[in-house]
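Here is a short note for someone opening this structure for the first time. Please keep the 3D view at hand while reading.

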Amino acid sequence: MRRTRLFAGGRSRGARRPRIVALIPAHNEAERIAASIAALRRQRRAPDRIVVVADNCTDATADIARRAGAEVIASEGNRHKKAGALNQALDRALPGLADEDLVLVQDADTTLWPTFLASAIEAMDRRVGAVGGIFYGEGGGGLLGALQRNEFHRYAREIARRGYRADVLTGTATLFRVATLREIERARRAGRLGGGTSYYSLASLTEDDEITKAVRTLGYRTVSPPGCGVVTEVMTTLPKLWHQRLRWQRGALENLRDYGWTRVTAPYIVRQAFMGLSVVFLTLYLVFTAWMLARGRPQFSRFWLAIGLIFVAEKVVTARGAGWKGQLLAGTLAVELAYDMFQHAVYVRSLWDMARRREERWCAT
């Protein structure tokens, strides 16, 4: 019996080769934009156009992008950050594209693996509406950067375990079918999807998470094939990481609240519930450990020691892709526990903020 490929391309023999337009929204990314453009030019299947969307830039982003060979357009009166800039760019780009053409949306602080576009096109069958990247952390950032790299490798491992299904079409890089983007816009205008009347929602803190749910609500699959790796920025300070993760977590929770319980959102809601349980269980474990130490003569049962060993083993095994240094870091129980507690604090704070200010929207960059 003939084996089938994991992802079967949707183009028939002799079909027109789809055009690819790459959109890079950028706000003051002079230090990184050239590297992002260069990585696009190294693609095995290079895009036909590279367009940098300069959004309220006050630095040399636009000039550097032009020197690197990209087209540059400037957003006009945009007050909706990345989503607003992308909607303006898509309004300009899509009229000249056919439904079978493709649009790559990627962050300006991200570089794509040379295999990204070729792998994404190969994964595009009729049921796939968009292909997201698998992101890895760039070097540097000290201990905090190493912890994020371990976290990203674990997420990549989880994607592989799920058969390369993309639960989030990451903003670092996602390839959309033009027909899918047009269908999203029609659905928003008809009121079947919220978030405004354009492609990206203007009501969400995390436009990439929301558009994933929009694509899947319309009946399409979202995937992240193994060749679609990207390397992205890591946060180098704790305040920056807190700000980033609070936006991610709060945005994810608000999107679930706005969509409600559906066949698409049910697995996401269950995962958020399990996150809440993990907060409770880790808190209980730490409280019990502190209580035992406070007694002066700690006597840990085999059960509690086994839990600690399982925790360490899981962290080490799942960080395998980060190399021996990453695994060595993963084996330090105290550091990994501290990082997990940080993530749990973000989750609790997000719930608290939603309960107190249900209609608040993200104002910071």
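The points below go through a cavity, its lining, some ring contacts and a few single residues.

1. Status of the model. This is a predicted model. Please read each value below as computed from predicted atoms.

2. The cavity. How many cavities of 30 Å³ or more are there? The count comes to one. About 50 Å³ of space lies inside the largest cavity. Three elements each give two or more residues to its lining: α3 (81-93), β8 (173-177) and α7 (207-217). Helix or strand, the largest share comes from α7, with three residues.

3. The lining by residue. Which residues line the largest cavity? From the earlier part of the chain come Lys 82, Leu 86 and Val 105. Leu 169, Thr 170, Gly 171, Thr 174 and Phe 176 are also in the lining. Tyr 200, Glu 207, Asp 208 and Ile 211 complete the list. By class, six of the lining residues are nonpolar, three are polar and three are charged.

4. Thr 174, a lining residue. Thr 174 is one of the residues around the largest cavity. Its place is in strand β8. Is Thr 174 buried or exposed? Its relative accessibility is 1%, so Thr 174 counts as buried. The side chain of Thr 174 has two backbone oxygens to look at. The backbone oxygen of Thr 170 lies 2.8 Å from a polar atom of that side chain. The backbone oxygen of Leu 169 is reached at 3.5 Å. Leu 169 and Thr 170 also belong to the cavity lining.

5. Phe 176 and Tyr 200. The structure holds six aromatic pairs. One to inspect is Phe 176 with Tyr 200. Their ring centres are 6.3 Å apart and their planes stand at 85 degrees, so the pair is edge-to-face. Why does this pair tie together separate parts of the chain? Phe 176 lies in strand β8, while Tyr 200 lies in the loop between α6 (178-189) and α7, so the pair joins parts that are 24 residues apart in sequence. Both Phe 176 and Tyr 200 are buried. Both also line the largest cavity.

6. Other rings. Phe 135, Phe 152 and Tyr 155 form one aromatic cluster. Tyr 268 deserves a look too. Which charged ends sit over the ring of Tyr 268? The charged end of Lys 213 does, 3.9 Å from the ring centre. The charged end of Arg 271 also does, 5.0 Å from the ring centre.

7. Positive phi values. Two residues should be checked for backbone angle. Asn 28 is not a glycine, yet its phi is positive, about 55 degrees. Asn 28 lies in the loop between β1 (20-26) and α1 (33-41). With a relative accessible area of 29%, Asn 28 is partly exposed. Lys 81 is also a residue other than glycine, and its phi is positive, near 55 degrees. Where does Lys 81 lie? Lys 81 lies in helix α3. Its relative accessible area is 37%, so Lys 81 is partly exposed.

8. Ala 65. Ala 65 lies in helix α2 (residues 61-67). Its relative accessibility is 0%, so Ala 65 counts as buried. Glu 29 is 36 residues away from Ala 65 in sequence. In space, C-alpha to C-alpha, the two are 9.7 Å apart.

9. Leu 94. The loop between α3 and β4 (102-106) holds Leu 94. Leu 94 is buried, with a relative accessible area of 2%. Which residue, 88 residues apart from Leu 94 along the chain, has its C-alpha atom 8.4 Å away? That residue is Arg 182.

10. Leu 218. Leu 218 sits in the loop between α7 and β9 (221-223). A relative accessible area of 16% is under the 20% cut-off, so Leu 218 is buried. Leu 218 and Thr 180 are 38 residues apart in sequence. Their C-alpha atoms are 8.7 Å apart in space.

Key:
Residues numbered from 1 in each chain as written. Predicted model: local features only at pLDDT ≥ 70, side-chain atom pairs only at ≥ 80, totals over all residues. Heavy atoms only, no water. 1 Å grid on protein atoms, 1.4 Å probe; cavity = no way out; pocket = protein on both sides within 12 Å on 5 of 7 lines; lining within 4 Å. Points joined across faces, edges and corners; volume = space filled by probe spheres on them. Helix = DSSP H or I, 4+ residues; strand = E, 2+ residues; numbered from the N terminus. Nonpolar A, V, L, I, M, F, W, Y, C, P; charged D, E, K, R; others polar. Phe/Tyr/Trp six-rings, centres within 6.5 Å; stacked < 30°, edge-to-face > 60°. Buried < 20%, exposed > 50% of the residue type's maximum accessible area, 1.4 Å probe, protein only. Lys NZ or Arg CZ within 6 Å of the ring centre and 35° of its normal. Polar contact = N/O pair within 3.5 Å; in protein donor to acceptor, adjacent residues only side chain to side chain.
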